[in-house]
Amino acid sequence: MENMNFQVNLQGIIDLLSNHLYSDPGVFIRELLQNGVDAITARRKLGHQYEERVTVELFPSSHTLSLQDNGAGLTLQEIEQFLARIGSTTKKGDLDAAEAFIGQFGVGLLACFVVSDEIVLITRSAADGDSLEWRGKPDGTYAIKKLNNQAPIGTTVYLKAKPEYEDYFEYDRVSDLLTRYGQFLPTPIYLTEGGNEERINESLPPWKLDRAGALDYIEHSAYYKPMDAIPLHSAIGGVEGVAYILPYAVSLQDEKRHQVYLKNMLLSDKMATILPPWAFFVNGIMNTDSLRPTASREAFQENDLFFLVRDELGNCIKQHLIGLSEQDPELLKRIILIHYASLKAMAVEDEELYELIIRYLNFETSYGDMSMSDILSSYPEILVTTTLDEFRQIARVARSQGLMVINGGYVHDFELVRKLPSVSEDVDVSILDILAIANRFERLAGEERKALEPFRDLADALLERFQCRCSIRWFEPADIPALYTTNEEVNLFKLADDSEREANALFASIVQVIRQELYDEPFARLCFNYNNPIVRKAAASGDIELQKVCIELFYTQALLMGNHSMNAEELRLMNESLLHFMNRGLDEAVGGAR
Amino acid sequence: MKQRYYGLRREFWSMPDGKRKLVVLEEAIRIADQYMTESDAYDARMDYSSATLECGCPERLFISFSWCLAKFENNPGVYSSFSIMWHYKWVLNQIWRLPQFSLEQIEAVFADFERKCKQYGYTLRAYYQQKVNFLLSQGHLEAAAAYHKLWKETPRDSLSDCLACEQNLFGEYYFRINHLKRGMQTIKPILDGRMSCRSVPQTTYSNMIVPLLKLGEFDRAIDIAKKAFRSIEGPSYLPEYGVFMEFFTVTDMPKAVKLYERTIQLGLESKMPWDRFQYLLSVRLFLQQWSKVKRRKKLAESEQVTLAWLDEEIGTLAQAFNDRNGNDYMHRFIAEKEQNISRLVKKISGG
């Protein structure tokens, strides 16, 4: 048996890598810059003392660009070993040294084939004296020749624009790209065209600036005035950075765009995952030395180290907020006011933060919107609803009864309220059982209750087909004749009813099992208010027929008041009872006029 | 009302998975039933069906699905056969999780699905796949092996699970019948990153933890558990939370406690007997280890969740499944699991 090698269509592979690995043709500038900077680092390691620089020159008449570095250069052997072999890199051999370089995949030059049909590279190695020219083509062929003229030590790459890509070789575009990727690189970078020369990178990166400088930087580069700048630091990930607290509220759904630099070169300005998901109220700018990028170098490999670093950075933000509560509580209050949604999400997960901010947060209560510190100072007993719907059903009545009910129906609010006893020992929090709310109303005296039993029994009998049970109590406000409460499963049961009726025999029996064996029938409650004069009159009336119509109208009116959906039968009931009373009223009016 | 309907739908999309999300959609469906067209009501129910699985209330799937199936059967030209058959697959994957359904009922549903596969031009691959699951849950390994063979031999089609999911399930099959090495081999393409989808590799990770422990590959198990634990979130992973709780019980007690506190509410609320059984069984293994040492900390829900209560719950559930299945598989299942854990505890505390 003979071992064979796979045959690879080189042109296809180059096309694949160069056109599909990268999301933006402009990355060729990044790849060239990176090779240049790495070459300079390599020469520095040889012990050479000299003025380091990278120069990009444009030749607009021929749509050509050159990028020259005065780094270590390449020998003939190195060219054959690395340039002409995809997937190898000069930076692999020495593991310790690899840390100092930005690139590591040996595919960087391929990015140039996106914009150019030929790469010409002129180089002279700092180690041996020959000047060499290498020409590579996207079909996978290349040629090397020795030059007679002596080139300076270092490497120059020449690219000529492919049709349609000329604008990537124009001054403004190149200047933008160089600034984007290279503005914080320590090696001086120059862009020249004709006689002009411009230094690209003179500014200090924001992570090297003090707080005022960092705030100033973002105001001038991103045109917003952050509320605060939080220094980020992770020792294990070699990360330094700044998290800017945004001056406006952001949605949880928005894609985060943090700017991340790898060894001072921009890796991505739309990295979402480098900070914890709850930190969506900040924009981060940071630089890392040790996280490993993916092959396209537009994201990091999400390994254990990555998540450790992310947690460490998250902790920086948290500790900063904790510090603020002592140094600048006013600022913290403003931050909470704007970013409460994000901070609520954080507080649910984190005890320390919860304790810090819970009192500043606002909640919807039966007494209107209130901050938790106000709630705690006046109400030792707190009820919390599990849904918005439940809250709406009883908010008004609860207030009249002097009950402090907090709406737990918004995201996180329920958990936040439930955790209150962990920060305040005097508070008692219980979950409101919406069906038992009537038990909190004033009971009627024994005799009165007895006298009203026939009325209640009549109501029970009438409303049983709507799965509704009745009671009579005394409660405020008097203008509400009856309160209808139901828990969240009532719609589910109505759906189950429909399904059981519609389904084929096999599935009807299945639905029946689900509703009977897994769920308790939810009975709704209708509590008549004996404080209401019309209820008192209806109960006192001896006319059973009239009482019936009154009960039906009380019921449907309570449904309407509570925003509950009515089925066809309930609508019919409302119509009939309304018409009944209209008719009665009209009869009386006409009779009286006679 | 239309406005309220669309408002509810909007709210639904922005809510985190959970029971409250379903409550919102239930109201929307009621509105669609009364004020909109039948196909609006149908679409709303189809969305609801998939939400029931994500929101940890899979038993509600039967309610919406039954209605949709009936409408589809009455009017097969109006609704997509593919969508309803895809949902039908979910039903097959849930129905045996309730001991309240008799074997006859379950077989009848399987038979109906099989008939519909033929009627609407799908191969029986999905049918065989579900059959394997059902048989394994009753401990019928030989019958499962026969269907496993049929499953692999039947050509794939659009009703089959995606390649990554299927590969994952093939692996799970070997784990379930205790062919651990074979299972590891099967999921290798997934671990190498060559196959993935929305739920793979997360589910693969949690599937392989117990097998890894059984194989004695502790370091690898710890490594995988870390990865997996980060990727599962939400109420649909109850049995998986159980797996991790067991795992942390033997490797990292404080983490087990944290996971318990985070998930116990979900477990208590879960109505699906099979999922509830799996989770509570893990809780019991955790609590047994936890109570071996005197502790000052009081666990959440400690009044309800006691060892005695767990014994009772687990016993009742296991008995219900055994009665339905007509064998004692659930008791064997519990015994094996307990044996496994105590062996591990010995090994880890001894080594």
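These legends go with a handful of close-up views of a predicted model.

**View 1. Chain A as a whole, before zooming in.**
Chain A is a mix of 19 helices and 21 strands. Of its 594 residues, 38% count as buried. Take the contacts in chain A between residues at least 6 apart in sequence, and 67% of them turn out to join residues at least 24 apart.

**View 2. Where chain A meets chain B.**
Here 26 residues of chain A are in contact with 29 residues of chain B. On the chain A side, helix 7 (304–327), helix 15 (490–502) and helix 16 (505–518) each chip in at least two residues. Helix 16 of chain A gives the largest share of that side, with nine residues. Sorted by class, the side of chain A that touches chain B is made up of 13 nonpolar, seven polar and six charged residues.

**View 3. A three-stranded open sheet in chain A.**
Follow the strands across in the order 19-21-20, and you have an open sheet with mixed pairing. Strand 19 (468–473) and strand 20 (482–485) of chain A sit at the edges with a single partner strand each, so one side of each has no neighbour in the sheet. From one strand to the next, the twist averages 20°.

**View 4. Strands 20 and 21 of chain A, side by side.**
Strand 20 of chain A and strand 21 (residues 524–529) of chain A run antiparallel, joined by four bridges. Look for A:L483, which stands opposite A:C527 in strand 21 of chain A.

**View 5. Helix 14 of chain A and its kink.**
Helix 14 of chain A is 18 residues long and spans 25 Å from its first C-alpha to its last, close to the 26 Å expected at 1.5 Å a residue. Still, helix 14 of chain A has a kink of about 45° at A:E453. The proline A:P454 comes shortly after that point.

**View 6. How helix 14 packs in chain A.**
Helix 14 (residues 446–463) of chain A lies across strand 19 and strand 21 of chain A, and runs at about 160° to strand 19 of chain A. Which residues of helix 14 of chain A are buried? They are A:F455, A:A459 and A:L463. The cover over these buried residues includes strand 19 and strand 21 of chain A, along with helix 17 (533–540) and helix 18 (544–561) of chain A.

How values were computed. Residues numbered from 1 in each chain as written. Chains lettered and ligands numbered in written order. Predicted model: local features only at pLDDT ≥ 70, side-chain atom pairs only at ≥ 80, totals over all residues. Contact = placed C-beta atoms within 7 Å. Nonpolar A, V, L, I, M, F, W, Y, C, P; charged D, E, K, R; others polar. Pairing = 2+ DSSP bridges. Axes fitted to C-alpha atoms, helices over the stretch in contact; angles between N-to-C directions. Expected span 1.5 Å × (residues − 1). Bend = angle between axes of the 7 residues up to and from the residue. Buried ≥ 20, exposed ≤ 12 C-beta atoms within 10 Å, placed from the backbone.
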